[in-house]
Amino acid sequence: MEIEPTFLEGCFVVKPTVFNDGRGTFFECFNQKVFEEISGMQIDFVQDNQSISKKGVLRGLHFQIGDYAQAKLVRAIKGEILDVAVDLRPDSKTYRKHFSIVLNDQNNYQLFIPRGFAHGFITLSESSIFSYKCDNYFHKPSESGIIYNDPKFSIDWKLNPSEFQLSKKDRELPFFKDS
């Protein structure tokens, strides 16, 4: 397993070592000991989530606030998605900057997103199965978000906006306000 830092502090791309033979494929999705040794971060995941989406489904940008902030390790089990992490930590050198990466069932990459980030993704393939581990439980009163097309971030979602499918909740998220 390789863990490569992105330009956003604390945000990492996790690349598994994949073993292929006549039977199929095997790889280790996560190894806490290896992750902590390479990243220098201690993480304890407590909740796993999964979503199934059609092409153009955009989920995000979501985060939880306060004591319920979450770090996430995300991956596409099936299909292809564009994954986006936005640094919302006011004291960070990369405050208000974002990182995006294509995650799919061919590269098997994962993205580790630390606490203090907004997160979103869009399905680029006909369908996707998306999985993420969280280091804190979902807490509805702490749920928050930012509208996906906020001009402060200028995120290229890789699809024509006419293809986007958003929930009512995500269409009504507010624009970002600096603290």
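**Overall fold and cysteines of the predicted model**

For a compact globule of 179 residues, a radius of gyration near 16 Å would be expected, and the protein, with 16 Å, agrees with that value. The structure described here is a predicted model, and its C-alpha trace spans about 50 × 35 × 30 Å along the principal axes. The secondary structure consists of two helices and 13 strands. Of the contacts with a separation of 6 or more, 79% are accounted for by residues that lie 24 or more positions apart.

Buried residues make up 47% of the 179 residues in the protein, while the accessible surface comes to about 9600 Å², with 49% of this area belonging to carbon and sulfur atoms. As for charge, the protein carries 22 positive and 24 negative charges, and the mean positions of these two groups are 5 Å apart.

The cysteines were then examined for disulfides, and the count came to zero. Because a disulfide requires a pair of cysteine sulfur atoms within 2.5 Å, the sulfur of C11 is too far from its closest cysteine sulfur, that of C134, for a bond, the distance being 14 Å. C29 is likewise in no disulfide, since the nearest cysteine sulfur, again that of C134, is 16 Å away. In terms of exposure, C11 has a relative accessible area of 0% and is therefore buried, whereas C29, at 26% relative accessibility, counts as partly exposed.

Methods
Residues are numbered from 1 along each chain as its sequence is written. This is a predicted model: local features need pLDDT of at least 70, side-chain atom pairs count only at pLDDT 80 or more; totals for chains, interfaces and linings use all residues. Side-chain values use heavy atoms; hydrogens and water are left out. Helices (H or I, at least four residues) and strands (E, at least two) are DSSP runs, numbered from the N terminus. The radius of gyration is taken over C-alpha atoms; the globule rule is 2.2 Å times the number of residues to the power 0.38. Buried means under 20% relative accessible area, exposed over 50%, partly exposed in between (1.4 Å probe, protein chains only). Contact means heavy atoms within 4.5 Å. Accessible areas come from the Shrake-Rupley method with a 1.4 Å probe; for residues, only the protein chains shown count as cover. Lys and Arg count as positive and Asp and Glu as negative; His and the chain ends are not counted. The place of a charge is taken as NZ of Lys, CZ of Arg, CG of Asp or CD of Glu.
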